[in-house]
Structures are given as C-alpha cells and as structure tokens.
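Biologist: I am new to this structure. Could we go through it together, starting with the strands?
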Amino acid sequence: MKKILLPFAALILLIPSVMSARIWGDIWAGAQLNYPALGAVSPPIARLQLNADLTTPVTNLLFKFRLNASYGTQFFGTTPVFAPVNNVIVSNYNFALDETYIYYADKHIQFYLGNLDLQDYEADGGGFFNFRFCGNEFDGFFSSHFLRMLANHGLDHIYYPTIPAMILRVDFNDNLTLRVGVTFGKAFEHLFVRNSFPVELNFHNEFLNLSLQAGFVDADSSLVHKVSPSVSGLAEIKPFYFASGTLEPLAVFVKYGIVYPDITTFRTPPTNFNDDYRVAKEFSPYREHFGFGLAFHTKDFGFGVAYSLLKTFNSPIPEQVFEFFFRTTMLGIFEISPDFQLLINPAGDDHYAYHWNVLPEFEYLFNPGTDTAPKYVYIVGLRITYKFDLGEYFIKADKKQGITEGTNL
C-alpha cells in the first residue's frame, strides 16, 4: 500500500495537517476498427486514473488529486472527425497529475478551486451537463457527441480536458442545483486573457433530469474585446418509471446547444474584423449541436442507441453520428461493451473518398466516389472498464525521516 501512496507522498508531506486520505480509481481500455480509413485498425488505447481525497483539520475542507497515466493515439484513430469517437483524450505515453484542487463541501454548498475536469470534478462524481440515467464514459455511450455538450464553449473543455477554474455549486434542496463559475485559459500575460463563465441550473429526481445552461466567454487575445454567449438544454426522462416492470430503467434524452454571435462591448474597436464569431472560435470550433436517443441500464446489463448532428464554424456540412452500444458484466468484475458508430460526412467532408452504395447490384458496401453524395464511415469498438476503491487511510508524515505511512481505516 505504501507503493500506491508514493505518487502523493511529496504532496502529503507538504501538508503536515492532513489527517486521512481516500484513494480510488479506474482503468479504461479499448480497441477500434475504422472502415474505410487511412488506418483501419487503431492502436489499442488504455488509461489508468488514480484519485486521492486528502482531508484537513478544517471541517469539510479537502484536497483532491488525480493521477492520469495513458497510452493511445490522440482522438483514438485516423478517421477525420469533428468530435472524438470516444471521450478518452490522450497523447502517447501520457503521464500527468492532471487534476489538483481544493474544495469545500457541506450539505448545501460546494466550492472548488484549482485545475478541474468540469465533467466530473465534484465530490459525488458529478459535474456540468451530465447524464443521470444514460451512463457515462465507463458504462454508456462512447462518442463525445453524446457524452459532452459540444456547442457550449462556456465549458471550455474541447482544447483543455482539465483547466484552471473556480466553481460554486449550490444545492437548494434534494432536487435543484445551481452551478456557476469561471475558467482561466491561456493566461500567459495577465489573468484575463481568455475566460469562460459557465452557469447551469439542474432539476433532478428519480425519473427526470433537466438542465439549462448558459455560457459566456471573453478573450482579449481576439483583439475585438467582445463577449460570446451560448446556451444549452438537456432533458432526460424515464417514461416507464411508474410502471413497475422490466422497462422501468429505460431512459430517453434530447439535448441541444447553440453558440450565438459575439456581443459588442464598450471596448470593441470600430473595426472588429467583420467576424461575428471571432471570440467564439477561440474556445471551440462547434456552432450547433443536437442529439437524442435512449439507454437502458441495470447493474449487470445495458444498451443504448442515439443520433447526433454537429455543425461547426468552418464547414457548411454537419457531421452526423448514429451509435449503438451494448454493456455486460464479465466475471462479476469488469464491464465490457461492444460499440458501433456510423458517421455521415465525417469532419463535414462531402468529398471524403467513400460513399455508401445502397442498391443490391453493387458488390461492395463502400466504393470510391467523388460526387457530393453523403459519405459514410463506420467504427466498431470494444471497451473494457474496471473501477476500484482502495478505501480510506490514515496519513502520518514523519518530518525527520521524510516518510509517509498509510494505515487502512
């Protein structure tokens, strides 16, 4: 157990008042076939995340660290796409302490400050704009078309999976939550070079999940000193919740997000380069995002099917995705999920080298084509995940010997 604590030993020694630590994590591994593509077989991908919550003598005040070790090809494949075909964004031989922050949490208030992953930074695993019934990157859809709200640059998570941020969460009651905060990106010269301001109001109970979100971004580096707004909505419901039976866990969802033209401020120069989205483009290439689908989840079994349409600033043609996944438990320990995705005009390219021949007299499903008919790519993937919890340990730092000891509570 001492070996497991070593990555955090130096940090713990710097905080001699630490009283205990809870350590948990997960392993995500996958493989993928793309057809047709430059490389039909994507290299296997794997990721280990190790988390630690360190308590302090101050009631409800904790430190959080996440160690990320991963291997794979960035965006998991050679197929040209607007959005990654899964939510695991890595570089080859990536090893980093990618989340480090302090947070305060009581019954109604949670405050977070540091380097955060806005999707799952919260004490209970929550974050901005998440599914409650349709799963996550471990047991739900693969594609970031469904796992993220892409056309909402207030979240600022496209280029920066983790980012310096300050977030406040207020739980008005068991069903109504407000999240509001600010992120700090590309602050090379001064604090306010590039900032996003996400706000989310979320209503949830055992059968309904509704989220409304607004995002505002400001980028001095755009040279126009405008503010760019975006809004999003997510509705998720279990239609058979009150009918006790097999279909009770079934959930349907619909989501929509759009980025609006930049808003002129008192600092905007008379010549603003005639680009209504100049600020918005610094934060995300995505302009409009729509998706809907359904998912079914029990402890040992699940499946889902969904459709998404994504528009960008740089292409008049949207990227569309159909996805189907299946999930089951293996050996009572691992989750294993086969997955199928069909991409229409990937990366908004209607001159991609292949289109789908639907007439029976054609010998092949995909043939080269140079016309402007919709182009198709399909992706077949497999995901294996494992979550573990090493429990809570008493931490004792010996300053004389520089040793951190761990004892299971």
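Biologist: How many bridges join S6 to strand S7?
Modeller: In this predicted model, 7 bridges join S6 to S7, residues 176-184, and the two strands run antiparallel. S6 and S7 form a hairpin, with 4 residues between them.

Biologist: Which residue in S7 is the bridge partner of Ala165?
Modeller: The partner of Ala165 is Thr183.

Biologist: And which strand is joined to S6 by 8 bridges?
Modeller: That is strand S5, residues 109-116, which runs antiparallel to S6, residues 163-171. Within this pairing, Gln110 stands opposite Arg169 of S6.

Biologist: A change of topic: which residues have the most contacts inside the largest nonpolar core?
Modeller: They are Cys134, Phe141, Phe146, Phe253 and Leu343, in a core of 18 residues. Strands S11 (251-259), S14 (319-330) and S18 (376-398) are the elements that give two or more residues to this core.

Biologist: What is Phe146 in contact with, leaving aside its neighbours within four places in sequence?
Modeller: Its contacts include Phe131, Phe141, Phe253, Val321 and also Lys255 and Glu323. Apart from the largest core lies another core of 12 residues, among them Tyr103, Tyr112, Leu155 and Ile167.

Biologist: How many cavities of 30 Å³ or more does a search of the whole structure find?
Modeller: The search finds 1, and its volume is about 50 Å³.

Biologist: Which residues line the largest cavity?
Modeller: The lining includes Leu118, Phe128, Phe129, Met149 and His157, as well as Leu155, which also belongs to the core of 12 residues. By type, the lining divides into 6 nonpolar, 2 polar and 1 charged.

How values were computed. Residues are numbered from 1 along each chain as its sequence is written. This is a predicted model: local features need pLDDT of at least 70, side-chain atom pairs count only at pLDDT 80 or more; totals for chains, interfaces and linings use all residues. Side-chain values use heavy atoms; hydrogens and water are left out. Two strands pair if DSSP finds at least two bridges between them. On a 1 Å grid over the protein atoms alone, a cavity is a set of points where a 1.4 Å probe fits but cannot get out, and a pocket is an open set with protein on both sides within 12 Å along at least five of seven lines; lining residues have an atom within 4 Å of a point. Grid points are joined across faces, edges and corners, and a volume is the space filled by probe spheres set on the points. Ala, Val, Leu, Ile, Met, Phe, Trp, Tyr, Cys and Pro count as nonpolar, Asp, Glu, Lys and Arg as charged, and the others, Gly among them, as polar. A nonpolar core is a set of buried Ala, Val, Leu, Ile, Met, Phe, Trp, Tyr and Cys residues joined through side-chain atoms within 4.5 Å. Buried means under 20% relative accessible area, exposed over 50%, partly exposed in between (1.4 Å probe, protein chains only). Contact means heavy atoms within 4.5 Å.
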